[in-house]
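Here are a few exercises to work through with the model open. Try each task yourself before you read the solution.

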Amino acid sequence: MKGMMMHRPLRIADIIDYAAIAHPQGEIVSVRTEGDVHRTTYREMSKRIAQLAHALKTLGISDGDRVATLAWNGYRHLELYYAISGIGAICHTVNPRLSAEQLTYIVNHAEDRVLFLDLTFVPIVEKLVGEFPKDMRYVIMTDRAHMPETSLPDVLCYEELLEGQPESIDWPEFPEDTAAGLCYTSGTTGNPKGTLFSHRSTLLHAMVLAISLPDALHEGRKVLPVVPLFHVNAWGLPYAAPLAGASLVFPGGALDGKSLFDLMDREKVYSAWGVPTVWQGLLAHIQAEGRVPEGFGDVVVGGSAAPPSMIEAFEDMGVNVCHAWGMTEMSPVGTQGNLPSFMDDMPKEERLLMKRKQGRKLFGVEMKIVGEDGNRLPHDGKTPGALYVRGNAITSGYYGNAEATEAAFDAEGWFGTGDVAMLDENGFLTITDRVKDLIKSGGEWISSIDLENVVMSHPDVASCAVIALPHPKWDERPLLVVVPVEGKKPTKEELVGLLGEHFAKWQLPDDVVYIDEMPLTATGKVSKLTLRERFKDHVLPDA
Ligand code: AMP
């Protein structure tokens with residue numbers, strides 16, 4: 001027998017309409033690329049979102065069209081999140097840190113129709129225009145006074161686009177599994193893979209996030225997403241914060257310790273979200289100032305493992321550390337690390353050990369760990385295995401990429417995370433290793449295999465491997481290990497120069513080491529485990 005309740009499709013735009021009524025004073029504070037600080041409220045913003053939605057229609061955007069953004073964290077980027085998905089189109093957030101090759105691939109693979117870009121990224125896009133879809137329109141996210149001289153064709157100005165458009169809109173209705181957002185994430189090899197979020201997955205994720213972190217996501221609180229809107233949906237904050245009534249403080253492009261400290265201090269940010277690299281910078285500045293920013297009480301650390309020293313430093317300052325884990329493919333948050341109240345009386349040392357774990361799973365995230373034989377392993381907190389997940393906010397396949405989709409799921413339809421983990425009886429997750437051959441530097445991915453493929457094209461290289469070395473600032477940095485052809489020795493400059501033709505500067509190895517023979521596993525693959533062990537004490541040039 002079916003229940004007798006209404007079925008109203010879940011729609012993202014309903015969040016902002018709700019916030020405009022229920023949280024009218026909820027603020028959005030943005031450090032703008034124009035150089036000043038901009039303030040608005042959910043109520044005011046909902047009017048601009050309606051204007052933007054009308055404007056998108058005048059550009060011919062409709063159901064299922066992909067509209068790309070290349071922008072920092074700011075109010076205009078948030079407006080795009082809502083207006084694009086609101087009219088049934090797809091907001092494709094593009095990561096400006098990717099190489100020219102990857103950017104070109106992504107924009108063409110998504111077949112984007114319009115690209116909205118911040119002033120900062122005009123020079124990058126000018127160089128790539130010839131490679132992008134021919135009929136793509138370009139909109140610079142600024143006002144007329146700040147429009148730059150540019151070679152971009154038929155370029156439009158964001159504020160002019162909104163002018164004169166109606167300040168309200170009746171959002172169209174469509175099934176709740178309609179696509180709403182698209183975000184590409186690095187694969188272990190080849191081109192990035194697109195995760196296509198739906199209205200339903202986004203709403204469910206936002207609701208679960210808001211109830212899971214009620215202290216940070218609370219009416220009257222200010223939350224700072226340092227985690228970018230262009231990568232991993234800024235961990236769901238664009239949706240969960242207005243839903244809960246929390247204000248958003250957007251840092252723009254200035255993410256160094258001093259800029260963040262000053263902004264947080266001025267705005268009295270309570271909860272700040274980002275990767276460990278960012279918090280290293282903030283911690284250094286806190287030490288220099290001898291105090292924490294006013295009102296700072298909570299830091300959400302994810303994207304890479306939070307170093308124990310960082311957890312302890314924040315906790316000793318009275319700032320709660322919430323160590324979280326997730327993936328783009330999971331919308332992205334899978335766990336949160338606030339401790340349950342039955343742990344309140346634990347001795348400090350034990351609490352710190354609990355906080356090193358990657359937190360407890362969120363409602364709706366099913367997890368299993370399996371051994372090499374594919375069988376499930378116990379959730380006893382001490383047996384590691386490959387981590388698989390399932391749930392309503394987890395990808396069911398990569399956009400337009402059957403091969404990657406095929407490789408990502410097991411026979412039972414669970415998604416393989418590429419992480420190795422232990423689970424305990426209370427749902428706490430501990431990530432122990434990564435099986436995917438990727439390096440995470442400052443929250444962004446570098447593919448070892450892609451680097452290796454280019455290095456192998458050098459005639460003097462017999463074999464090579466790229467491994468991750470721990471790094472105090474960037475969490476991990478790549479080291480290139482080379483076995484030269486007998487009698488030859490290509491220089492570091494030569495090899496890194498060759499890679500520089502294909503990869504962004506920050507993706508290039510920090511150092512090159514030479515060995516006589518590559519260590520192999522029993523199955524004949526390069527044993528990266530052996531290499532990581534062998535070079536664990538290698539000091540990278542600027543570490
Ligand atoms: P992304 O899709 O870029 O967010 O990357 C997701 C991946 O980052 C995960 O599969 C992990 O390998 C890694 N990751 C995210 N959070 C953590 C964490 N707290 N500790 C260790 N690794 C993490």
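**Exercise 1.** Find Trp 235 and decide: is Trp 235 buried or exposed?

*Solution.* Start with the relative accessible area of Trp 235, which is 10%. Buried means under 20%, exposed over 50%, and partly exposed in between, using a 1.4 Å probe and protein chains only. So Trp 235 is buried. Next, place Trp 235: it's in the loop between β10 (222-225) and α8 (237-244). Here helices (H or I, at least four residues) and strands (E, at least two) are DSSP runs, numbered from the N terminus. Finally, check the backbone: phi of Trp 235 is near 55°, a positive value in a residue that isn't glycine.

By the way, this is a predicted model, where local features need pLDDT of at least 70 and side-chain atom pairs count only at pLDDT 80 or more, while totals for chains, interfaces and linings use all residues. Residues are numbered from 1 along each chain as its sequence is written, and side-chain values use heavy atoms, leaving out hydrogens and water.

**Exercise 2.** Work out how α11 and α12 are oriented to each other.

*Solution.* First, take the angle: α11 (residues 308-316) and α12 (residues 348-356) pack at about 125°, with axes 10 Å apart. Axes are lines fitted to C-alpha atoms over the stretch in contact, and angles run from 0 to 180 degrees between N-to-C directions. Then classify: under 35 degrees is roughly parallel, over 145 roughly antiparallel, 65 to 115 roughly perpendicular, and the rest oblique. Therefore α11 and α12 are oblique to each other.

**Exercise 3.** Which peptide bond next to Pro 332 is cis?

*Solution.* Look at the bond from Ser 331 to Pro 332: it's cis, with omega near 20°. Then locate Pro 332, in the loop between β15 (325-326) and β16 (333-336).
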